[in-house]
Structures are given as structure tokens and as C-alpha cells.
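User: Please take a close look at one site in this model, and then set it beside other parts of the chain. I would like the reasoning spelled out where a cut-off matters.

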Amino acid sequence: MASSADGSGLATWQPQEEGLREICGLLEQQMAPTSDDKSLIWQKLQHYTQFPDFNNYLAFIFARAEGKPLEVRQAAGLLLKNNLRSAFKTMPPANQHYIKSELLPCLGAPDRQIRSTAGTVISAFVQIGGVAGWPELLLALVKCLDSNDPNHMEGAMDALSKICEDVPQLLDADISGLSERPINVFLPRFLQLFQSPQTTLRKLSLGAVNQFIMLMPTVLYMSMDKYLQGLFVLANDPAPEVRKLVCSAFVQLIEIRSAVLEPHLRNVIEYMLLVNKDSDDEVALEACEFWSAYCEADLPPENLREFLPRLIPVLLSNMAYADDDESLVDAEVDGSLPDRDQDLKPRFHSSRFHGSEDAEDEDDDIVNVWNLRKCSAAALDFLSNVFGDEILSTLMPIIQANLSTTGDATWKDREAAVLALGAIAEGCINGLYPHLPEIITFLIPLLDDNFPLIRSISCWTLSRFSKYIVQGIDHQQGREQFDKVLVGLLRRILDDNKRVQEAACSAFATLEEEAAEELAPRLDIILQHLMCAFGKYQRRNIRIVYDAIGTLADAVGGELNQPKHLEILMPPLIAKWQQLSNSDKDLFPLLECFTSIAQALGPGFSPFAQPVFKRCINIIQTQQLAKVDPVSAGAKYDKEFIVCSLDLLSGLAEGLGAGIESLVSQSNLRDLLLQCCMDESHDVRQSAFALLGDLARVCPVHLHSRLPEFLDVAAKQLNTTKLKETLSVANNACWAIGELAIKVQKDMSSIVLTVISYLVPILQRPEVIIHLGLNKSLIENCAITLGRIAWVCPELVSPHMEHFMQSWCLALSMIRDDVEKEDAFRGLCAMVRANPSGALSSLVFMCKAIASWHEIKSEDLHNEVCQVLHGYKQMLKNGAWEQCMSTLEPPVKDKLSKYQV
């Protein structure tokens, strides 16, 4: 494609005129605003990537095509950057050398856009090839920084700031051939540039140093005083973008290295208070992050206590809507106008998970963009959790003053006061408690305020007091208040304003979770309102109605299973179900909603089960075809359709129980499910193994013909080097193996030892699993599954028991009392009967595991455990049993006394 004067191809590479003209022409077409078919141009450019020196052309156009429009040169540079990821490994060294040699002079280009794009491409090179792969770069950057030429200094600093942002760790590493780490050379120069008269250099150098706070290289630690002095000098910089970076530095330091700020804390707090009122909103927002960060750092609250009377009014004043807040525009949108596609937020379905999760649900946020108002409310929430009722003496007079204003001009202050009450609902609950009846009585009429944003914030704030509102139901006054809140929220669910609808539905879902069965007597009115909203809402908010219906079903359970309720609930949902096509993403929340309803109704869902079941099977089949042949499938592949369908089938299995058997027997679910268990997507496998376990419980006979394959693929999930990424998959697979074991019993004997060999290492390193972040679920499921396998195949497992008894018993002692724990202990007893000597060395651990029961409800199991303990008591002669008992803590001995030993 191009000519080269000698065999080496170095530096003498020259583009051919024709190639240059064609590529420039395509880039110009791509940039043209009138260009019709961008994808065709893109395909042509992609076609060129097969030529080894295409990237040389792009470098040439970027660096040297000075007669061409700036946008074309920039486009060439950015395309070169994008190509590097795929082309770098196969790029001949001569081409790499050519491109690099063209990029370096661009650092000092007269045009800022060329300098900036050069920095972007250089950073991409460093990310892919490292620093060692381009020794000339570091020298060139140092030379530019030391040149005193503004363009060269800015170009180098731009490239360095991007490298520091993308891969700071590469600059804080030993590199062969260099006497010291690159950051040791650059950091003193960055700190020097804090004093530059050029705003851009001050901004880029400060931004670059801030990227190292987390890594804290030795050179920064040793220069901390100089860095802090620099920050204090820049604190009053005329440029808001520099002041914002100063605030960001203090926020990061308080989060990660609070000790270095402690001597200067008063000054920093004074400064943050000042800039929290900065005329530039972005600076004020960055400063506001400091208060939440301070509360989360382990710092003594008293350092902040004396500033509270000055800080709280600032936060409250910043909680009022800014005049340019986009929510003010949104709030005026008519609820009857259809949503545009861009109004629909992406939604994420979380795959079904079996086990104990302690993840907390975040409060539904009724504002989506992070801004000064939201940040100030979050800071107030944090302060209320640290200082509790102490803040009320400063805060409540302001809230009361703002709430007592009347007239349209002050509505934003009233709204901010309601937001503040919601923000402190948790942290100041003790101080607010005596006044809650009055507060709630005051909030209820605000649900009918003229201003939609006051109506919406009142929904949210009332939801923050849900627990208290529900607790009051026991007495007449509290019951009346609960009904007023309930009816008030239902009224707002039918508001004409979309923002209010969204806030009311979210608040109602929170109230539902708290109230649970208390909603049963009020189901008629609730369903009528929800189904009325279902007919009224546009696409975005209808998803929230699905969520409210699903939450209602989870909350009231079987109470929903009455003809009068189902007549209101089901027809509109089924009509929507029939109206949506199998490739419509609006189906996702409806599938989730049906999952909750199927579980709540149990066998009562039977009349609706067949079409729902068939549809799920069709969706999974269509998507599996779409993966390989979207044209034949008539749909684009989207794994979420499969995940939601698998989860709904799990809901059906749970709800219908053995009643699902006839549906499974007439379908190809077994083969589809096996395919899903082998899918490359973690989410699909996670839901597939959850369904496998649910089917094992209710109709294992239909899995039988492919049992070895199911067991094999499930076992493989436990034996992976990528356990961190696939913990939830491993967790569900492990649970499913246990469910299969108790149903198919000896039929799993061929794979027992393989499974055991995968379970034991997980049990022996629980701290690793917990560190990886899956709480205790995988360990609990491994312990239960091991017990279930031992129960059905004790003769295969017991010869190996001494290798795992200790860690297994430790895991068993952490499981709460339930049926699954009973199964595991049946396995323990069966193994001990088969090989009593195998547990001798772990007897103390076994006793502790037995003592972990609050009460064994099953009489058979209680008797079996007694026999095991008595067996060991007889077996251990000459004081050995007493010796073992003496090592146990008194509470453990007390628990064992139930078993008469």
C-alpha cells in the first residue's frame, strides 16, 4: 500500500498519494454533517485496517496533513487510537516506530486540539505497551516540561495527565534501564507547575498529582508538605476548575489518608465551608462531598462538631432546587404525553440467587442526576447518623421557618425543608420520635400541594418514616394515620404528573415492604388504584407499577389468591402480556412481576400457568437461535430475555410445586435448560442453575435422562480459577447439586467424589470466599450440599471425612436452623455411622456444630444426633471423653446437655 526506500522500513516510510487521498476523502465524508450513510463509510475505513500500514497513514495525516481541516486530522488521530487495541500486537516494529516518531513532535503543535489528541493516542500506546516499550517518550516528556515553551509544556502535561488518569501504576514501577521510577522524575515537576501563570498547566498538574493519592508512591508521601502547601496556595485560584480539583484532593485525602490532614483540619474545614457556597456549582458540589467523606472516615466527630451551626444552614440552603435544575423542566411535563426512548432509563434484572444475602436495598432515588442538592441531602443524612439528635437544635428552627412560608415565591424552600426531614429520618429518629405524629400529620396535606415537586418529595419523605407509620397500626390513632398515608400515596399514584407518579409508586413499594400482611384488608382499594395507574401510565412509569404490584404480591402472599382480587389484577396484566412481542424489552418488568405473582398465588396461579410457561419456553428458544442466526430468529440476541424467562419458570416451579410437572413433561425445557447451564454468560448460568434446583425439588423425574450432564456441568462451576467473577453461579450450582442429590440419591454416585473434591477446597478457605464478597452464602451451600451427598452416599464420602470434618463442622455451625441444615446433619450422622474413627480428630468441632442448633425440630434427627454423641462417649474410654468435654466453652456444654451426654 505504501513505499519504503530500504528493507528496514524505518523513518523512510512514505505514503502513496492515492492511498492518502482516499483515506482523507473518507474521513472528510465521515465528518460532513450532511453525510447520509455513515455506516458505509465506516465499513470502508474498517476495510483498510487489513493493510499493515493503514495506521501509518493515519499517523501521517494526523501529524503532517497541515493543509487538511483540523477535524479530519483529529479524526485520523482518534481512529488510530481506536485501532491500537486490536492492531498493536501484530503491528510490525518498524510501523510502531514510525507512528511513535510522528506522534512525539505533535506534543508541541501550535494547535491545542492536535496537542490534546496526541496526548490521547500516546496514553493509549502506554496503556497497551507499557512505559518500558517506549523509552524515548519519557525523555521527550521531561524535555517538553523543562522547555519553558508554553505549547510544549502543555502538550506534555496533557499526555501525562491522561497517562496518570488511565494507568498511574505504570509510572510508579521499576523499569529496567531506568535508574528510578518515572513518577520520581515527574512529581517534583508537577508540584512546580502548581505555580505556573497558565491556568491549563495548573489544572493538569494538580489533576495528575491527585491521581496518585490512592497509590501514594513514596515520592508523594515524602513531598506531602509541599503538596499540601501547593493546595493551600491554589485554594483561592481564580479558575473554578482548579478550585474544584483542590476540593477533590481534600476529599480524597480525608477518605484515604486522613492522618496527613489532621494537623491542618481546622483550616481545611473552614475552607470547605467557604467553597461550599462557591459561585461555581461544580466547585460547591465537590466541596460538599467532603462532609460525607469526613463522616465515613474514622475521624473524631468533635473536630466537626463546633462547625455544625455554620455548616447545616449552608447544606439546607444548597438543598433548594437551583433555577437551572433539569428536574424543574421535567416536573412540568404532562403525564399523558408518551415517553420518548431516551426517557427510558436502562434497567438491570438481577438474576435469581439462592442463599443468605445481606445486601441492603438502596432507597429508591427520585432524582437521577447527582448535583449539589442531592449531595447536600446525602451529607445531612451522614451528619444525622454521626451526630444524631445533636443537629436538631440547629436544623429544626430552619426547617420550621421554611415550612411555615406561604406563597409561590418560596415553594423551593418549603420543598427543601421536606427533603431535609426525609434525609434525617434515620439518624435523628430518637429526637424526632415524640413529634412524629405531628410531622406526619403535617406532611399528609403536602401530598396535595399545587407544586408537583412538593408532592413528589412528600411521597419520598413519608416513605422514609414507613417503619414508624406501620408500627402505629396497633392503636386507633396510628391506624387512622396509616390509612391516611396509604390513601394519600394511592391518590398520588394517579397524579397527572410523571415525576409524582414515579415518587408515589416508589414510596408505596417501600410502605408495602414494611406493612406486609397489614395490607391484606386494604387489598381491594390498593389493586384498584394500581390497575388504574396501569391503564394511565406511559412506558417509563409503567415499569414502576409492575414493581409495586410485584412488591405487593411478595408482601401479602397467599392473601392475593381470592377471586375478587384476581378479577381486578390479572385481566389488565394478561392483556399487556398478549400485546407485547417476544422481542419487546417492556416484557422484562412484566416477566419479573409475574414471577412475584406466581410465587404469591402458589397453586392459585394454575389457570394462567400454561400460556406463561409456553411463552417463556418460546422466548428462550428464540433467543438461543438469535445468538447464532438473528435473521432466522427475527430478533436481536439479548441475554436478559433468557434470564427473565428462566427466573419466571423458577417462580412457576416454586408457586405451582408438583403442579408444573405436566407442563415440563410436554416441553423441551430439559434440553433448553442444559444449554443455558453451559451458556457463556454468567447471568444466564446463574438463573439456569437456580431453575435446575427448583425443578429438582418438584419434578426430578424429567431431568433424569440427562442427569449425568447436569451434574457434570454444575460441578464444573465449583472448579474454576475465576471464582471471583462467577461466585453467584457457583453458589446456585452448588445448591442445585444438593437439591438433586436428595431426589436422585444413589444415581449420582458416579460424580460424588468429583463434587466432594471441588467442595472441600472452598470450605477449607472460607476467608478467601468471604473476602471475594459473597457473604457466607457459598460456604453455607457447600456445607449443606456436602451433607446432602453424604446422606445419600455415606459409603462413598465417609472414607475421606477426616480430610474435611474440621472445616465442614465450622461451616455447619454458622448456618441458621432450617430444613437444609437438618439434611446436612443427617449426612453427618450417616458418615459417622459408616466411619466413626474418621471424625475422632475433629470431635470438638463436631460438638460445636451440634451445639449451634437452637432446637432440632425433627424428632428422628434429634435421636440420631443423641446416638452419635453416646456412641463416642462409649468409644472414648479412660477419661478421653471427659478430656474432650473439658475443652468446650460452658455455653457449648449447656447446649449438649439436651442430648443427655
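Analyst: A residue is called buried here when its relative accessible area is under 20%, exposed when it is over 50%, and partly exposed in between. The model is predicted. By that cut-off C375 is buried, because its relative accessibility is 0%.

C375 sits in helix α21, which runs over residues 372–387. Setting aside residues up to four places away in sequence, C375 touches L285, C288, E289 and W370. The contacts from L285 to E289 bracket another residue that can be placed by distance: E286 is 89 residues from C375 in sequence, yet the two C-alpha atoms are 9.0 Å apart.

A buried site may also carry a charge, and R615 is such a case. R615 belongs to helix α34 (residues 606–628). R615 is buried and has no salt bridge, and the nearest side chain of opposite charge, that of D584, is 8.0 Å away. A salt bridge needs a nitrogen-to-oxygen distance within 4 Å. What R615 does have is a polar atom of its side chain 2.4 Å from the backbone oxygen of L580. L580 is also among the residues that R615 touches beyond four places in sequence, together with W577, Q578, S581, N582 and L587.

Other charged side chains do pair, and the whole structure holds 45 salt bridges. In one of them the side chains of R115 and E154 meet at 3.1 Å, N to O. R115 is in helix α6 (residues 112–129) and E154 in helix α8 (residues 150–166), so this pair ties together parts 39 residues apart in sequence. Both partners fall under the burial cut-off: R115 has 5% relative accessibility, and E154 has 6%.

A second pair joins R492 and D448 at 2.6 Å, N to O. R492 lies in helix α28 (residues 476–493) and D448 in the loop between α25 (436–446) and α26 (452–464), so the pair ties together parts 44 residues apart in sequence. Here the two partners fall on opposite sides of the cut-off: R492 is buried at 10%, whereas D448 is partly exposed at 41%.

In a third pair, the side chains of R706 and E709 meet at 2.9 Å, N to O. R706 is partly exposed, with a relative accessible area of 24%, and E709 is partly exposed as well, at 36%. Salt bridges also join into a network, which links R697, E739, R788, E820, E822, D823 and R826.

Burial can be counted along a helix too. In α29, 15 of the 18 residues are buried. At 1.5 Å a residue, α29 (residues 498–515) should span 26 Å, and its end C-alpha atoms are 25 Å apart, which agrees. At its N-terminal end α29 is capped by N497, with a side-chain oxygen 2.9 Å from the backbone nitrogen of R499. A516 follows α29 and has a positive phi, near 45 degrees.

Last comes the nonpolar interior. The largest nonpolar core has 332 residues, and Y227, M272, W291, L573, F605 and M846 touch the most other members. One of these, F605, is in contact with M570, F594, I597, A598, V612, L652 and L656, leaving aside neighbours within four places in sequence. In soluble globular proteins, nonpolar side chains tend to be buried together.

Conventions:
Residues are numbered from 1 along each chain as its sequence is written. This is a predicted model: local features need pLDDT of at least 70, side-chain atom pairs count only at pLDDT 80 or more; totals for chains, interfaces and linings use all residues. Side-chain values use heavy atoms; hydrogens and water are left out. A nonpolar core is a set of buried Ala, Val, Leu, Ile, Met, Phe, Trp, Tyr and Cys residues joined through side-chain atoms within 4.5 Å. Buried means under 20% relative accessible area, exposed over 50%, partly exposed in between (1.4 Å probe, protein chains only). Contact means heavy atoms within 4.5 Å. Helices (H or I, at least four residues) and strands (E, at least two) are DSSP runs, numbered from the N terminus. Lys and Arg count as positive and Asp and Glu as negative; His and the chain ends are not counted. A polar contact is a pair of N or O atoms within 3.5 Å; within protein, one must be able to donate a hydrogen and the other to accept it, and residues adjacent in sequence count only if both atoms are side-chain atoms. The expected span of a helix is 1.5 Å times one less than its number of residues.
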